[in-house]
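Work through the exercises below with the coordinates loaded. Each task is followed by a solution that goes step by step.

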Amino acid sequence: MTAAARRAALPLVVLALVLAGWEAVVRGFEIPGYLVPAPSAVLAAFFRGFAEANYLGHAAITAFQAVAGFLAGSALGIAIGVWVVVFPTAERIVYPYVVALQTVPKVAVAPLIIVWFGFGIESKIVIVALVSLFPVLVNVIAGLKSVDQDRLDLMSALSASRWQVLRYLRLPNALPFVFAGLNTAIVFSVIGAIVGEFVGANRGVGFLIMQAHYALDIAGAFALFVVLSIMGVALHWSLQWVERRVVFWAKAEEHFRG
Amino acid sequence: MPEGLPAGLAALSIRGLGMVFERGAASVEALAAVDLEVADREFVAIVGPSGCGKSTLLKLVAGLRRPTRGEIALYGRPVRGPRSDVGIVFQSPVLLPWRTVLDNVLLPADVLRLPRAEYRDRAAALLELVGLAGFERHYPQELSGGMQQRAAIARALVHDAPLLLMDEPFGALDAMTREQMNLELQRIWAAQRKTVMFITHSIPEAVFLADRVVVMSARPGRVLEVIDNPMPRLRTLDDTLKPEFGELVRRVRLLLGGHGVAL
C-alpha cells in the first residue's frame with residue numbers, strides 16, 4: 001500500500017470503527033430509534049429515501065438553488081468589490097451599509113424574502129445569493145488592494161492607466177483571495193438553501209428534513225444529513241477543482257473554511 | 001532617439017537633485033545635490049553605503065517619484081513622470097506568476113499597446129539573448145532566481161528603450177551565478193548598445209561592468225567621485241585578476257572608507 005493510499009484509508013477506517021461502536025451502543029442499551037437511530041437504520045432510510053421518496057429529485061432542487069444563488073451572489077460580490085476599489089468614493093458611501101446589512105442574520109430576513117419572492121425556488125436563490133455575497137466581497141476588496149509596491153512600480157514605470165493596472169495586475173492578483181471567499185460562500189450556499197426551505201417550501205432537502213422531524217422519523221432525518229454532507233463535499237471539491245485550474249500559480253489551500 | 005542626439009547632449013543629465021522624505025514631524029534627507037551626466041551608450045555603475053539613496057536616485061530618474069529639488073533630463077527632455085524610453089530591472093525580478101515567461105517579457109508591449117505579433121518575435125529573440133530559449137511557455141515560479149532575473153532583463157529590453165535602469169539586480173544571487181550574470185549583462189549591453197545606470201553594493205561588480213563608477217557618500221547621498229575604468233571590452237573574469245582592476249577596486253573602497261577591508 002502506498003503512503004498516499006494509507007493516508008486516504010485512515011479516515012475511512014476511523015469512520016468504520018465509530019459507526020461500529022455507535023451501532024453496538026444503540027443495540028446494547030436498546031436506545032429507542034426516535035432518540036438516536038442505529039447506523040444500520042440510517043443506511044436503510046437512506047436507500048429507502050432514494051428508492052421511494054425521490055431524494056434525488058429533492059437534492060437536485062436544493063443543489064440547483066445553492067449553485068444558482070452562489071453564482072449570482074459571487075458575481076454580485078465581485079462586481080461590487082471591483083466597483084468599490086476602482087472608485088474609492090463609492091467605498092466610503094456604500095461599504096458601511098453593506099457591513100450593516102451583513103450584521104442582520106439572514107435567517108431573520110428569510111421569511112420576508114419568501115413573502116417577496118414566493119414559495120418557489122426564486123426566494124431560495126435570493127437568500128443563498130445574500131449569504132454568498134459578503135465573504136466574496138470582503139475577499140475581492142482585500143485581494144485588489146494587497147498588491148506589492150514593486151509590482152505597482154513596474155506598472156507605473158510603463159505609464160499604465162488605472163484600467164491597465166486593474167486588468168494586468170490587480171484582478172489576477174486578487175484571484176487567490178476571490179477563491180478563498182468562494183470557498184466560504186459555497187459552504188454558506190447550502191446552509192442558505194436549507195434555511196430558505198425551512199421557512200417555506202414544498203420541495204427540497206430542507207423540506208424533507210422538516211417533514212421527517214414532524215413524523216419523528218429520526219433515521220430519515222439522519223439519512224438526509226448524509227445527503228446534505230455529500231452535496232456539500234461535492235460542491236467543495238468541484239470548486240477546488242476549478243480553483244486549481246484558475247489559480248494554478250498559488251499553493252492549493254486544502255483546508256475547509258466556514 | 002539615440003541616433004538623433006545632437007553631439008555633446010547627454011543621455012541622462014542630473015542637476016542639483018535633492019530628495020527629502022517627510023516622515024510625520026521628522027524629515028529625512030535622502031539625497032543632497034546630486035550632479036551627474038551619463039553619455040549615450042555609456043555603462044555607469046553607482047556604488048555607495050546602504051541607505052545612501054541609490055535606489056531613490058533610480059526611482060527619481062525613472063519618474064516614479066518626484067524630487068524635492070533639482071532637474072533630471074533624459075535625452076534633453078525633462079523627466080516629469082514615468083517614460084517609455086526607460087527600461088527598469090528591479091532588485092527582485094517582479095515577474096507576474098500568472099503569465100508565462102514570454103508573456104511577462106511582453107508585458108511592456110501590452111501596456112504600451114505595441115503590436116503583439118511583431119513584439120512576440122522580438123521577445124523570443126531577447127529570451128534567446130539572455131539564455132532562456134525554450135523556456136517561453138514556462139511560468140516564472142518554475143525558474144531559478146538567476147533565470148527569473150534574466151527574464152526581467154529581457155522584459156526591460158523588449159520595448160527597446162535606450163536607457164536601462166538596474167537596481168541591484170543581482171543582489172539576491174549566489175556568487176557564482178552573479179559572476180555569470182555580470183558576463184552576460186556585459187554581452188547584452190554590447191549587443192544592444194544601451195545606456196545603463198546600474199546600482200550595486202558590490203565594488204568589484206561595479207568596476208567590472210562600468211565605464212565609470214560613481215561613488216556616493218552616506219546619507220544624505222551625493223556624488224563623492226567618479227572613477228573611470230578604461231579597461232578594454234569585452235572584459236573577462238581573468239581581467240578581474242589584473243593589477244589595474246585591483247587598483248580601481250582599491251580606490252573605490254578607500255573612498256567608501258573601507259580601508260582595504262573586503263566588502
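**Exercise 1. Check the length of H10(A) against an ideal rise, then find what the helix packs on.**

Solution. The model is a predicted one. Step one: take the 29 residues of H10(A) at 1.5 Å a residue, counting one less than the number of residues, which gives an expected span of 42 Å. Step two: compare this with the end C-alpha atoms, which are 42 Å apart, so the two values agree. Step three: list the buried positions, which are A:Ala219, A:Gly220, A:Phe222, A:Ala223, A:Leu224, A:Val227 and A:Glu243. Step four: find their partners, which are helix H2 (39-52), H3, H8 and H9 of chain A.

**Exercise 2. Describe H9(A) and the residue that follows.**

Solution. Step one: helix H9 spans residues 205-214 of chain A, and its buried residues are A:Val205, A:Gly206, A:Phe207, A:Leu208, A:Ile209 and A:Ala212. Step two: these buried residues pack against helix H3 (55-86), H8 and helix H10 (218-246) of chain A. Step three: look past the helix, where A:Leu216 has a positive phi, near 55°.

**Exercise 3. Is A:Pro135 buried or exposed, and what does A:Pro135 touch?**

Solution. Step one: locate A:Pro135 in helix H6 (residues 121-145) of chain A. Step two: count the C-beta neighbours inside 10 Å; there are 24, and the cut-off for a buried residue is 20 or more, so A:Pro135 counts as buried. Step three: set aside neighbours within four places in sequence; the contacts are then A:Gly181, A:Thr184, A:Ala185 and A:Phe188. Step four: take A:Val165 as a further reference point, 30 residues from A:Pro135 along the chain, with 24 Å between the two C-alpha atoms.

**Exercise 4. Summarise chain A and set the UniProt record beside the model.**

Solution. Step one: count the elements of chain A, which are 10 helices and zero strands. Step two: of the 258 residues in chain A, 37% are buried. Step three: for the overall extent, the C-alpha atoms fill a box of roughly 75 × 55 × 30 Å along the principal axes. Step four: among contacts between residues at least 6 apart in sequence, 78% join residues at least 24 apart.

Step five: turn to the record. An unreviewed UniProt entry places "domain: ABC transmembrane type-1" on residues 59-237 of chain A. In the model that stretch is 88% helix and 0% strand, with its end C-alpha atoms 17 Å apart. Step six: under "transmembrane region", the unreviewed UniProt entry lists residues 63-87, 94-119, 125-147, 168-194 and 214-235 of chain A. Residues 168-194 are 100% helix, and their end C-alpha atoms lie 39 Å apart. Residues 214-235 are 86% helix, with 29 Å between the end C-alpha atoms.

**Exercise 5. Which helices of chain A supply the side that touches chain B?**

Solution. Step one: count the contacting residues, 14 in chain A and 18 in chain B. Step two: assign the chain A side to its elements; helix H7 (149-157) and helix H8 (162-199) each supply at least two residues. H7(A) gives the most, with seven residues. Step three: sort the chain A side by class, which yields eight nonpolar, three polar and three charged residues.

**Exercise 6. Lay out the six-stranded sheet of chain B.**

Solution. Step one: write the strand order, S6-S7-S8-S3-S9-S10, in an open sheet with mixed pairing. Step two: identify the edges, strand S6 (86-89) and strand S10 (223-228), each of which pairs on one side only. Step three: neighbouring strands are turned by 15° against each other on average, direction ignored. Step four: examine one pair; strand S3 (residues 43-47) and strand S9 (residues 212-216) of chain B run parallel and are joined by four bridges. In this pair, B:Val44 stands opposite B:Arg212. Step five: add helix H8 (residues 243-255) of chain B, which lies across S3, S9 and S10 and runs at about 175° to S10(B).

**Exercise 7. Assess H5(B): how many of its residues are buried?**

Solution. Step one: the 13 residues of helix H5 (residues 145-157) of chain B should span 18 Å at 1.5 Å a residue, and the end C-alpha atoms are 19 Å apart, which agrees. Step two: 10 of the 13 residues are buried, so H5(B) is mostly covered. Step three: name some of these, including B:Gln148, B:Arg150, B:Ile153 and B:Leu157. Step four: the buried residues pack against several elements of chain B, among them S6, helix H4 (116-129), strand S7 (163-167) and helix H6 (175-192).

Conventions:
Residues are numbered from 1 along each chain as its sequence is written. Chains are lettered from A and ligands numbered from 1 in the order in which they are written. This is a predicted model: local features need pLDDT of at least 70, side-chain atom pairs count only at pLDDT 80 or more; totals for chains, interfaces and linings use all residues. Two strands pair if DSSP finds at least two bridges between them. Axes are lines fitted to C-alpha atoms, for helices over the stretch in contact, and angles run from 0 to 180 degrees between N-to-C directions. Two residues are in contact if their C-beta atoms, placed from the backbone, lie within 7 Å. A residue is buried if 20 or more other C-beta atoms lie within 10 Å of its own, exposed if 12 or fewer, and partly exposed in between; C-beta atoms are placed from the backbone. Ala, Val, Leu, Ile, Met, Phe, Trp, Tyr, Cys and Pro count as nonpolar, Asp, Glu, Lys and Arg as charged, and the others, Gly among them, as polar. UniProt positions are given in the numbering used here, feature names are shortened, and annotations may be inferred rather than shown by experiment.
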